[in-house]
Amino acid sequence: MQHLSKTEWRSLLRWLDISGLALYFLDRIVELKLTDWLPPGVLARLQQNLADNTERTRVMIAESIAIQRGFQEARLSYANLKGLSLWPSSVPGPELRSQFDLDFLVADESASAARKILEQRGYRLYLISGRSWEFKLNEMPGLSLKDLYKAQPSHTVELHIEPSTSGRLPLLERLQTRDLYGYGMPVLSPVDLFLGQGVHAFKHVCSEFSRVAHLLEFRRHVLLRRDDHVFWSDLRKAAGGNPRACLGLGVVTLLIAHVMGDFAPEALTGWTVTCLPRPARLWVERYGRRAVFGSYPGSKLYLLLQRELEGAGVPAKRSLRQILLPVRLPPPVIRAFPNETLNVRLGRYRTQLYFILRRLRFHAVEGLRFAWESRRWRRHMESSAQ
């Protein structure tokens with residue numbers, strides 16, 4: 001680090017910001033008493049980011065508590081997802097985490113009331129995707145990296161609707177209440193929290209760009225539970241019969257080990273990593289580091305892994321053709337406002353056009369790269385089988 005140029009530091013800091021690791025990096029440097037290794041400007045920048053994110057986290061916590069007061073007064077069945085519920089098992093301090101929205105799991109019968117509460121606070125329903133409803137308050141176009149850590153008047157809330165008849169014991173019937181910042185918040189049980197975190201990390205690995213922070217947080221959670229044999233036994237029972245959960249945990253665990261070294265106990269790897277099909281293991285060996293250390297907006301190399309896992313019982317949510325050759329335009333970055341002025345409307349159109357052009361370029365470049373890598377992957381698979 002002492003020999004990096006200013007240009008290299010700018011590139012590294014940008015990657016740390018986008019990957020969600022910048023504040024974790026600062027926390028580790030301070031813990032090791034190595035701040036003298038950082039250029040004064042870099043250290044000052046990271047310290048300011050931490051101060052800004054601390055205030056931003058305080059604002060988001062206040063907004064979360066305000067929403068939950070409404071939920072609890074209406075006696076809704078809900079739970080916190082991700083975010084605050086990951087502290088302290090996966091996150092040393094909430095102010096170190098890059099969090100962009102508030103997530104809640106809501107019972108099917110409580111969804112309409114939850115929507116009404118959010119709309120009364122000024123939120124607008126922005127997008128419905130499957131059983132997830134996304135709401136925005138004072139929505140703004142994409143923030144620049146220099147504003148990434150600053151408190152903003154805009155907020156995003158996602159409601160994840162739990163179906164009333166899922167064939168399994170509902171997650172909302174085995175919650176725990178934890179006192180967070182002086183307020184009692186319902187969170188998932190320890191096993192459900194860990195399983196959800198692992199599956200969420202797997203979802204991001206099987207996407208164009210995966211924030212490394214998800215992997216680091218999952219690793220910390222595993223280390224916290226490393227010697228808890230009862231926990232691992234309960235987790236195995238909870239994930240039993242679910243190929244996406246078992247194989248997903250295996251891919252994430254193997255990928256982290258490939259990059260950071262072995263860390264997981266045999267009580268976890270024995271029924272996840274060891275059960276991975278050979279092609280999945282080869283994908284981690286060949287593309288794992290590229291997937292972890294890649295830059296935004298990422299690549300389509302995850303499709304090679306997705307294609308191999310389909311044969312192991314993990315169906316893709318979209319076909320390979322739909323992902324490589326999308327026929328629909330992306331959703332609006334900002335939706336129309338009531339009684340908006342002409343300048344506001346033109347600004348929305350300009351932002352949307354820029355976004356569409358960037359996506360077109362991404363699909364063209366990464367589509368060609370995928371075609372090339374797909375041929376190399378087939379040859380690699382054939383040679384490794386001999």
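Trainee: Angles under 35 degrees count as roughly parallel, over 145 as roughly antiparallel, 65 to 115 as roughly perpendicular and the rest as oblique. Which of these fits H10 and H13?

Mentor: The axes of helix H10 (residues 278-293) and helix H13 (residues 342-385) cross at roughly 130° and come within 11 Å, so the two helices are oblique to each other. Axes here are lines fitted to C-alpha atoms, for helices over the stretch in contact, and the angles run from 0 to 180 degrees between N-to-C directions. Helices (H or I, at least four residues) and strands (E, at least two) are DSSP runs, numbered from the N terminus.

Trainee: And what kind of model is this?

Mentor: It is a predicted model, in which local features need pLDDT of at least 70 and side-chain atom pairs count only at pLDDT 80 or more, while totals for chains, interfaces and linings use all residues. Residues are numbered from 1 along each chain as its sequence is written, and side-chain values use heavy atoms, with hydrogens and water left out.

Trainee: Back to the helices. Is the crossing of H10 and H13 left-handed or right-handed?

Mentor: Right-handed. That term applies if the near helix is turned clockwise from the far one by less than a right angle, and left-handed if anticlockwise. The contact (heavy atoms within 4.5 Å) includes Trp283 and Tyr287 of H10 and Trp377 and Met381 of H13. By class, the contact of H10 with H13 has 7 nonpolar, 2 polar and 5 charged residues. Ala, Val, Leu, Ile, Met, Phe, Trp, Tyr, Cys and Pro count as nonpolar, Asp, Glu, Lys and Arg as charged, and the others, Gly among them, as polar.

Trainee: How are H8 and H10 placed to each other?

Mentor: Helix H8 (residues 243-260) and H10 have axes that come within 9 Å and cross at roughly 65°, so H8 and H10 are roughly perpendicular to each other. On the H8 side, the contact is made by Leu254, Leu255, His258 and Val259.

Trainee: What about H1 and H3?

Mentor: Helix H1 (residues 6-19) and helix H3 (residues 40-73) cross at roughly 20°, so H1 and H3 are roughly parallel to each other. Trp9, Leu13 and Asp17 of H1 meet Val42, Arg45, Leu46 and Asn49 of H3.

Trainee: New topic. Is Glu139 buried or exposed?

Mentor: Buried, with a relative accessible area of 11%. Buried means under 20% relative accessible area, exposed over 50%, partly exposed in between (1.4 Å probe, protein chains only). Glu139 is found in the loop between strand S4 (132-137) and strand S5 (155-162).

Trainee: Which residue has a polar contact with Glu139?

Mentor: Arg124; the side chains of the two are joined at 2.4 Å. A polar contact is a pair of N or O atoms within 3.5 Å; within protein, one must be able to donate a hydrogen and the other to accept it, and residues adjacent in sequence count only if both atoms are side-chain atoms.

Trainee: Where is a peptide bond cis?

Mentor: From Trp87 to Pro88, with omega near 5°. The peptide bond from Tyr296 to Pro297 is also cis, with omega near 10°. Most residues other than glycine have a negative phi, and most peptide bonds are trans.

Trainee: What is phi of Asn339?

Mentor: Near 60°, a positive value in a residue other than glycine. Asn339 is exposed, with a relative accessible area of 80%. Phi of Tyr181 is positive too, near 55°, and Tyr181 is partly exposed at 45%.
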